[in-house]
Number of protein chains: 2
Amino acid sequence: MNPAIEASLTCWHEIIASGDTRRLRSLLAPDCVFRSPVAYHPYHGAERTERVLATAASVFADFRYHRQFVSGNDVGLEFSARVGSTELKGIDLIHFDDTGLITEFEVMVRPATGLQALGQEMARRLAQKA
Amino acid sequence: MNPAIEASLTCWHEIIASGDTRRLRSLLAPDCVFRSPVAYHPYHGAERTERVLATAASVFADFRYHRQFVSGNDVGLEFSARVGSTELKGIDLIHFDDTGLITEFEVMVRPATGLQALGQEMARRLAQKA
């Protein structure tokens, strides 16, 4: 793996483990795209991507990463978590550029009950911040 | 990658490309577990896994694989497809044993509209076969 991407991944895991999302923005390319597990249309730009990722980090409880899949500059990070009392599994599909910046971040979640709980809680918190 | 797993992956792609699911069963370990994008509880056994996978293959239109992620004996296959007029993205997370048999098959799908369309169509077709 490209050392710049490896360093970004290490930073990402530190952010998630600590819950301190202040360094998040430094990992995102200005034109970063976020593809939500819930919504069809992507979010464009580092600012909106940062807001969604930071909100998601605050919504999940018992968040843990499991398998890490690699494909060139793309990484898949499998996770499990709870939203309230609802358990879910998911995967972050992250595309890095050669300098280690995140240019695309896509999330998928299962099962349907988990996706629904996540969607409702994300909508509630993002509305508060808007 | 383990050559047995590579051979199974080639066979899997041939099955999906052709739509001919008769060889599917030969890829599944007897105690194979299937984790649905919709339902919380897994399906146990090769017979039920085969039925769900074959049904899913018949539900998707314009099915295409994209990135292939690898992690030892685990493979992630990103895909896009339609269910009726509803577009979706998804990933197959497949665990192979050392002989190339599939022991776990987990699927995640986004966005919510795609998951809902898939769940409804899968339920309808599986009920017809039951």
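Trainee: Which residues does Lys89(B) touch, not counting those up to four places away in sequence?
Mentor: Keep in mind that this is a predicted model. Lys89(B) lies in strand S5 of chain B. Within chain B, Lys89(B) touches Glu78(B), Phe79(B), Ser80(B), Met108(B), Val109(B) and Arg110(B). On chain A, the residues touched by Lys89(B) are Glu106(A) and Met108(A).

Trainee: Is Lys89(B) buried or exposed?
Mentor: Look at the relative accessible area, which is 19% for Lys89(B). The cut-off for buried is under 20%. So Lys89(B) counts as buried.

Trainee: Which side chain makes a polar contact with the side chain of Lys89(B) at 2.9 Å?
Mentor: Start from the residues on chain A that Lys89(B) touches, Glu106(A) and Met108(A). The side-chain polar contact of 2.9 Å is with Glu106(A).

Trainee: Which residue of chain B forms a salt bridge with Glu106(A), with the closest N and O atoms 3.8 Å apart?
Mentor: A salt bridge needs a side-chain nitrogen of Lys or Arg within 4 Å of a carboxyl oxygen of Asp or Glu. The 3.8 Å here fits that limit, and the partner of Glu106(A) is Arg67(B).

Trainee: How many salt bridges does the rule find across the interface of chain B and chain A?
Mentor: The pair of Glu106(A) and Arg67(B) is a salt bridge between the two chains. Polar contacts turn up here too, with 17 residue pairs across the interface. For salt bridges, the number is eight.

Trainee: Which element gives the most to the side of chain B that touches chain A?
Mentor: Strands S3, S4, S5 and S6 and helix H3 of chain B each supply at least two residues of that side. The one that gives the most, with six residues, is S5(B).

Trainee: What is the area buried between chain B and chain A?
Mentor: The contact takes 29 residues from chain B and 29 from chain A. Phe69(B), Met108(B) and Arg110(B) supply 27% of what chain B buries against chain A, more than any other three residues. Carbon and sulfur atoms give 57% of the total, which is about 2,400 Å².

Trainee: Let's switch to Arg67(A). Which side chain does the side chain of Arg67(A) join in a polar contact of 2.5 Å?
Mentor: Arg67(A) is found in strand S3 of chain A. Leaving aside neighbours within four places in sequence, its contacts include Gly76(A), Leu77(A) and Glu78(A), along with Asp74(B), Leu93(B), His95(B) and Glu106(B). The polar contact with the side chain of Glu78(A) is 2.8 Å. At 2.5 Å, the partner is Asp74(B).

Trainee: What is the angle between the planes of Trp12(A) and Phe105(A)?
Mentor: This pair links helix H1 to strand S6 of chain A, 93 residues apart. Both residues are buried, and they form one aromatic cluster with Phe34(A) and Tyr43(A). The rings sit 5.2 Å centre to centre and count as tilted, with an angle of 50°.

Trainee: Is Thr103(A) buried or exposed?
Mentor: Thr103(A) lies in strand S6 of chain A. Among the residues it touches are Ala29(A), Val33(A) and His95(A). Its relative accessible area is 18%, so Thr103(A) is buried.

Definitions and conventions. Residues are numbered from 1 along each chain as its sequence is written. Chains are lettered from A and ligands numbered from 1 in the order in which they are written. This is a predicted model: local features need pLDDT of at least 70, side-chain atom pairs count only at pLDDT 80 or more; totals for chains, interfaces and linings use all residues. Side-chain values use heavy atoms; hydrogens and water are left out. Contact means heavy atoms within 4.5 Å. Buried area is the accessible area (1.4 Å probe) that two parts lose on being put together, summed over both. A polar contact is a pair of N or O atoms within 3.5 Å; within protein, one must be able to donate a hydrogen and the other to accept it, and residues adjacent in sequence count only if both atoms are side-chain atoms. Helices (H or I, at least four residues) and strands (E, at least two) are DSSP runs, numbered from the N terminus. Rings of Phe, Tyr and Trp (its six-membered ring) pair if their centres lie within 6.5 Å; planes under 30 degrees apart count as stacked, over 60 as edge-to-face and the rest as tilted. Buried means under 20% relative accessible area, exposed over 50%, partly exposed in between (1.4 Å probe, protein chains only).
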